[in-house]
Amino acid sequence: MKHSQETNKRRIHRLAPCPSYDVEGLESWLSEMAQKGWMLEQDGILLGFFTFSACRPQKMRYRLDAAQKQPSLWAEDDGRPRPEELELNEAYDWEYVDHYGDFYIYRSASADTREMHTDPELHAMTLNAVKSRRRVALFQTFFFLVLYPVLLWWPRRISVIHFVLGCSTWLALCFLLLALLIVVGALRELAALSRYQKKLRGQPVREKQTDTAKRAVRRYAVLAVEIVLTAAAVFGGAHRWYASAMGENQIPLREYEGAAPFATLADFAGPMAQDYRPAMENVQVYGNGFNTVELSHDPLAPRMIEWRERADITQQDGTVLSGIYTVHYYEMRTQWLAERLVKGIGSEKRHEKGFAEKPAPDIDAQDVMAYELYSEQLLFRKGNIVVHAEMVRMYEPETEKDESWMHILAESINAAAQEKEHGG
């Protein structure tokens, strides 16, 4: 059915079943297409798709010749070989068709036409320019995907787990797999070119038959995975950025019906406090609104809460507790992950400008760190739970700064953990 449909067409477009560096595979495929009655059009390659015109089924020999400089449509020569190269090859009945990757494509309908390269050693040497460009490309890929992030993150000691939770494990995994595919693909390209060079040096170039079907399955499978991963990374990243910038996942505290597993400003003010007055409810800073809660989950952390509260509360003694209170709550999958996260966040903060560590409060928790970084902050772990809290206190003149909120917060985490343990 497919064959009959193709015979009614005058032109068809096909994705190459093998990459440009698979010289023998591509030559074989183009020859097979000619035998089926499809001739590659002049300058008929665009974005990896080959355009064929219907023709009389015939034998056609195709050859890929290594370009000594990178062919490009934006170059003055439109990516074509030098005029003297074209004239020499035409004199030996080799017609230039187009370029694909690092190679020029030629063809000849005559079985008596001599090979473009009669010396296998010289033919193998022409691939050195291609390999040199591929090595540079591999180094650039490795640098930007591996070395550059390390050089960027290392001075700030950015925690990998903290970063992954910020962008989601699935999105980070997509980027990682895509980077691996790119690096592995570049390595396979260099390996394939080296094998082809060795083969040329061992025997003269002759007609070679290759299993095009198997090459196509492998090629299309890799392309499909790359397309899926790229789409997931791009659209997933864009959606996450937009949702964060617009505060789409933030719930106003006045509409939140759940109970926070940690103490809030009202708990700090005491049970006899009165006149709770939220403030700055319609203000957003970098997409983060005040008096909001954001709930999320991740394969590494089944439950995460980001709490932002700004309020003025009249306490029992008549003083006003006025503050901005932020909590990042992580319920990690395992205690090991929690240990890595709390240590990672602590390392990040220690390398930020303005960091000043304070004596850790005596609370029932692990990995406790108290510090000032433009505000009072507390970081600690309780089993598989990590809490990172920040308090900006706006004190009245007669009020002294204290650390009671840290103790209340830690006690609330312990109480919630015990309640969960007993099935409460």
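**Exercise 1. Charge over a ring**

Task: Determine which residue lies over the face of Y92 in this predicted model, and at what distance from the ring centre.

Solution: The residue is R114, which lies over the face of Y92. Its separation from the ring centre is 3.8 Å. The cut-off for such a contact requires CZ of Arg to be within 6 Å of the ring centre.

**Exercise 2. Aromatic pairs**

Task: State how many aromatic pairs the model contains, and classify the geometry of the pair formed by Y96 and Y106.

Solution:
1. Ring centres must lie within 6.5 Å for two rings to pair; by this rule the count is 17 aromatic pairs.
2. For Y96 and Y106 the ring centres are 5.6 Å apart and the planes stand at 65 degrees. Planes over 60 degrees apart count as edge-to-face, so the pair of Y96 and Y106 is edge-to-face.
3. Y96 belongs to strand β5 (residues 95-100) and Y106 to strand β6 (residues 103-108), and the two are 10 residues apart.
4. Buried means under 20% relative accessible area. Y96, with 5%, is buried, and Y106, at 0%, also counts as buried.

Task: Repeat the analysis for F262 and W307.

Solution:
1. The ring centres of F262 and W307 are 5.7 Å apart, with planes at 90 degrees, so this pair is edge-to-face.
2. F262 is located in the loop between β7 (250-252) and α8 (265-269), whereas W307 is in strand β12 (residues 303-314). The pair therefore ties together parts that are 45 residues apart in sequence.
3. F262 has a relative accessibility of 4% and counts as buried; W307, at 8%, counts as buried too.

Task: Identify which residues form one aromatic cluster with W29.

Solution: The cluster joins W29 with F50, F52 and Y100.

**Exercise 3. Packing of two helices**

Task: Describe how helix α4 and helix α6 pack, giving the angle, the axis separation and the handedness of the crossing.

Solution:
1. Helix α4 covers residues 120-153 and helix α6 covers residues 169-202. They pack at an angle of about 165 degrees, and their axes are 9 Å apart.
2. Angles over 145 degrees count as roughly antiparallel, so α4 is roughly antiparallel to α6.
3. The crossing of α4 past α6 is left-handed.
4. The residues of this contact comprise 16 nonpolar, five polar and six charged.

**Exercise 4. Positive phi values**

Task: For S168 and D275, report phi, the place in the chain and the degree of burial.

Solution:
1. Most residues other than glycine have a negative phi.
2. S168 has a phi near 90 degrees, a positive value in a residue other than glycine. S168 is in the loop between α5 (160-167) and α6. With a relative accessible area of 15%, S168 is buried.
3. D275 has a phi near 55 degrees, likewise positive in a residue other than glycine. D275 is placed in strand β8 (residues 274-278). At 45% relative accessibility, D275 counts as partly exposed.

**Exercise 5. A long separation**

Task: Give the distance between the C-alpha atoms of Y106 and Q315.

Solution: Y106 is in strand β6. Its C-alpha atom and that of Q315 are separated by 87 Å. Along the chain, Y106 and Q315 are 209 residues apart.

Methods: Residues numbered from 1 in each chain as written. Predicted model: local features only at pLDDT ≥ 70, side-chain atom pairs only at ≥ 80, totals over all residues. Heavy atoms only, no water. Axes fitted to C-alpha atoms, helices over the stretch in contact; angles between N-to-C directions. Helix = DSSP H or I, 4+ residues; strand = E, 2+ residues; numbered from the N terminus. Parallel < 35°, antiparallel > 145°, perpendicular 65-115°, else oblique. Left-handed = near helix turned anticlockwise from the far one by under 90°. Nonpolar A, V, L, I, M, F, W, Y, C, P; charged D, E, K, R; others polar. Phe/Tyr/Trp six-rings, centres within 6.5 Å; stacked < 30°, edge-to-face > 60°. Buried < 20%, exposed > 50% of the residue type's maximum accessible area, 1.4 Å probe, protein only. Lys NZ or Arg CZ within 6 Å of the ring centre and 35° of its normal.
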